[in-house]
Each structure stands twice: as structure tokens, then as C-alpha cells.
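This report considers a single protein chain, its strand pairing, its nonpolar core and its charged side-chain pairs.

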Amino acid sequence: MHIRKGDTVEVVSGDDSGSRGTVLSVDRKNGKVVIEGVNKVYKHVRRGHPKSPQGGRLHIELAIDASNVQLICPETGKPTRVGVKINADGSKELVSKRSGASIRQLSPAKK
């Protein structure tokens, strides 16, 4: 999974399809991601809870499966599949399949 905290992604399937947001957390073991403003639900909280001492309903984001989101291409601004490109100096970078643009460096150059 090449999705990391802080990436901008778009939901491509499910109830929130078409919405974009920033990744808040990633659960690699279960293949889930939490995205800001996506899959929001009400959580009912009793009085005395640290986040809500008066009680009531909290509006929180739940995790969705990582297979339902795609990274945003930095050139086109559209969702894209990603691949790994190995450069001549031995460094690896994550590239967009849509435009070939570099998204981020995965590993530094080898000595």
C-alpha cells in the first residue's frame, strides 16, 4: 500500500464516491485509511467522557478500505494508479501511471 498519512486521495467507490480529502491515519495491517471529511458518523457519548464532558453526539470519521481510494496525480489533479520507478542511481520513487509525474521518493540513492 503506497498511501501515507498526509496524502491527498479521492474516494472512487462507495457512498462517499468522488469526495477528496487528506489521509489522517493508515492501518496497514487491516488495509484501512481514515480520510478527513469522508465516512462521517455520529458517535453517542455519555457524560464525563474526556472529549465531551457534557455528553451528546460526536461527529467522527471512520476508516474505509484502502482499495476504495486513489492518490491524486500532482500534474493533472485527477485520481491515478501508482507505480515504482527505479532511477539510474538506485533510488526509488513513486510515480503516477496517468502522467508519469513523480509523487514522492521512496528510498534514497545507493552508495
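## Strand pairing, core and salt bridges

In this predicted model, Gly 77 adopts a positive phi near 75 degrees in the hairpin of E7 and E8, where six residues lie between the strands. The two strands of this hairpin, E7 and E8 (residues 79-80), run antiparallel and are joined by two bridges. Within that pairing, Leu 71 has Thr 80 of E8 as its bridge partner.

E7 is also paired with E1: three bridges join these strands, which run antiparallel. Here Leu 71 in E7 stands opposite Val 9. Leu 71 thus has a partner in E8, namely Thr 80, and another residue opposite, Val 9.

Both Val 9 and Leu 71 belong to the largest nonpolar core, which has 12 residues. The other members of this core are Ile 3, Val 11, Val 23, Val 33, Ile 35, Val 38, Ile 64, Ala 66, Val 69 and Leu 94. Two or more residues of the core come from each of E1, strand E3 (32-35) and strand E7 (69-72). In soluble globular proteins, nonpolar side chains tend to be buried together.

Ile 3 illustrates the contacts around this core. Beyond residues up to four places away in sequence, Ile 3 touches Val 9, Val 23, Val 33, Ala 66, Val 69 and Leu 71, and also Val 26 and Arg 28.

Charged side chains form a further set of links. Which residues take part in the three salt bridges of the structure? The table lists the pairs with their N to O distances.

| Acidic residue | Basic residue | N to O distance |
|---|---|---|
| Asp 7 | Arg 104 | 2.3 Å |
| Glu 10 | Arg 20 | 2.9 Å |
| Glu 61 | Lys 40 | 3.7 Å |

Side chains of opposite charge can pair when their charged atoms come close.

The salt bridge between Arg 104 and Asp 7 links distant parts of the chain, with Arg 104 in strand E11 (residues 102-107) and Asp 7 in the segment before E1, 97 residues apart. Arg 104 counts as buried because its relative accessibility is 16%. Asp 7 is likewise buried, at a relative accessible area of 14%.

Glu 10 lies in strand E1 (residues 8-11), and its side chain is joined to that of Arg 20 by a polar contact of 2.9 Å. The same two residues form a salt bridge, and this pair connects E1 with strand E2 (residues 20-27) across 10 residues. Is Glu 10 buried or exposed? Its relative accessibility is 13%, so Glu 10 counts as buried. Arg 20, by contrast, counts as partly exposed at 42% relative accessibility.

Leaving aside neighbours within four places in sequence, Glu 10 is in contact with several further residues besides Arg 20, including Gly 18, Ser 19, Asn 68, Val 69, Gln 70, Ile 72 and Pro 79. Among these, Val 69 is also a member of the largest nonpolar core.

The remaining salt bridge joins the side chains of Glu 61 and Lys 40. Glu 61 lies in strand E5 (residues 56-61) and Lys 40 in strand E4 (residues 40-45), so this pair ties together parts that are 21 residues apart in sequence. Glu 61 is partly exposed, at 23% relative accessibility. Lys 40 is also partly exposed, with a relative accessible area of 39%.

Key: Residues are numbered from 1 along each chain as its sequence is written. This is a predicted model: local features need pLDDT of at least 70, side-chain atom pairs count only at pLDDT 80 or more; totals for chains, interfaces and linings use all residues. Side-chain values use heavy atoms; hydrogens and water are left out. Helices (H or I, at least four residues) and strands (E, at least two) are DSSP runs, numbered from the N terminus. Buried means under 20% relative accessible area, exposed over 50%, partly exposed in between (1.4 Å probe, protein chains only). A polar contact is a pair of N or O atoms within 3.5 Å; within protein, one must be able to donate a hydrogen and the other to accept it, and residues adjacent in sequence count only if both atoms are side-chain atoms. Contact means heavy atoms within 4.5 Å. A salt bridge is a side-chain nitrogen of Lys or Arg within 4 Å of a carboxyl oxygen of Asp or Glu. A nonpolar core is a set of buried Ala, Val, Leu, Ile, Met, Phe, Trp, Tyr and Cys residues joined through side-chain atoms within 4.5 Å. Two strands pair if DSSP finds at least two bridges between them.
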